[in-house]
Amino acid sequence: MMLNVLSFAVWSLTLMTVLAPLAVDSYPSNRDRIPNGYRVPDPCRPGRTAQGVGHVLADGGGARNGFGQAFAAAGGWTSALCNADSDGDGISNGAELGDPNCNWSQGQTPESTSGITHPGINNDNPNCFVPPWLWKLFLGWTVIFEP
Ligand SMILES: [Ca+2]
C-alpha cells in the first residue's frame with residue numbers, strides 16, 4: 001500500500017512537471033473578463049475549477065478550445081459571444097456562465113453564481129483525456145492544491 005502511494009506520488013509529480021511548461025501561454029486574467037470566471041467547474045476533474053477556461057488544458061495553455069477561439073475573436077465578453085454555444089451542447093455560453101440574459105460586464109456580480117458549467121467542454125460528452133471517475137479515484141486529493 002505504501003509503495004503504491006509512493007509510486008503514485010512520483011508518477012503525479014512527473015506528470016505535473018511534464019505538463020507545467022504547456023501552461024505558460026495562457027492569460028489567467030482572462031477569467032476576470034468572463035462571468036464567473038473563477039467558478040467554472042472542470043468536468044474532467046471533479047471538485048476542481050478550470051484555470052484555463054478557453055484552453056484545451058484545464059490549467060491553461062496549449063491550444064484554445066471552441067470557447068477560447070470565440071473569446072479571442074470577440075475580444076472579450078460580447079453579446080454575440082454570450083449568445084453563442086461554443087461547445088455545441090445546446091446551452092449558450094451565457095447560460096453556462098451564469099449570465100443567461102447577457103447583461104454582465106466586467107466587475108459586476110453575474111445574474112447567477114451557482115450551477116455554472118464549462119462553456120468550452122460539452123458536459124454531456126466531455127471527451128476527457130482521463131475519465132472523470134478515474135481522475136477522482138487517483139487524483140482527487142489534488143483538489144487541496146486548487147489555486
Ligand atoms: Ca454550451
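Start at the N terminus and walk along the chain, and the elements you meet run α-α-α-α-α. That makes 5 helices and 0 strands. Keep in mind that you're looking at a predicted model, so a word on confidence comes next.

Across the chain the pLDDT averages 85, and 82% of the residues score at least 70. The stretch to treat with care is residues 20-24, where the pLDDT is below 50. In the model, that stretch has 8 contacts beyond near neighbours in sequence.

Now for the overall packing. The chain has 147 residues, and 31% of them count as buried. If you take the contacts between residues at least 6 apart in sequence, 49% of those join residues at least 24 apart.

Where do the nonpolar residues gather? The largest nonpolar core has 15 residues, and Val 53, Trp 77 and Leu 81 are the ones with the most contacts inside it. Two elements give two or more residues to this core, namely H2 and helix H3 (79-83). Of the elements, H2 gives the most, with 3 residues. Leu 81 is a handy place to look around from: leaving out residues up to four places away in sequence, Leu 81 touches Ala 70, Phe 71, Ala 74 and Asn 93.

Next, have a look at two glycines in loops. Gly 60 sits in the loop that links helix H1 (2-19) to helix H2 (66-74). Is Gly 60 buried or exposed? Gly 60 counts as buried, because 22 C-beta neighbours fall inside 10 Å, and the cut-off for buried is 20 or more. For a sense of how the chain runs here, try Ala 50: Gly 60 and Ala 50 are 10 residues apart in sequence, and their C-alpha atoms are 8.0 Å apart in space.

Further along, Gly 115 belongs to the loop between helix H4 (93-96) and helix H5 (132-139). Gly 115 has 11 C-beta neighbours inside 10 Å, so this glycine counts as exposed; the cut-off there is 12 or fewer. Gly 115 also has a partner from another part of the sequence to check on screen, Arg 39: the two are 76 residues apart in sequence, yet 9.4 Å apart in space, C-alpha to C-alpha.

Put the two glycines side by side, then: Gly 60, in the loop between H1 and H2, counts as buried, whereas Gly 115, in the loop between H4 and H5, counts as exposed.

Terms used:
Residues are numbered from 1 along each chain as its sequence is written. This is a predicted model: local features need pLDDT of at least 70, side-chain atom pairs count only at pLDDT 80 or more; totals for chains, interfaces and linings use all residues. Helices (H or I, at least four residues) and strands (E, at least two) are DSSP runs, numbered from the N terminus. Two residues are in contact if their C-beta atoms, placed from the backbone, lie within 7 Å. pLDDT is the predictor's confidence in each residue, from 0 to 100. A nonpolar core is a set of buried Ala, Val, Leu, Ile, Met, Phe, Trp, Tyr and Cys residues joined through C-beta atoms within 7 Å.
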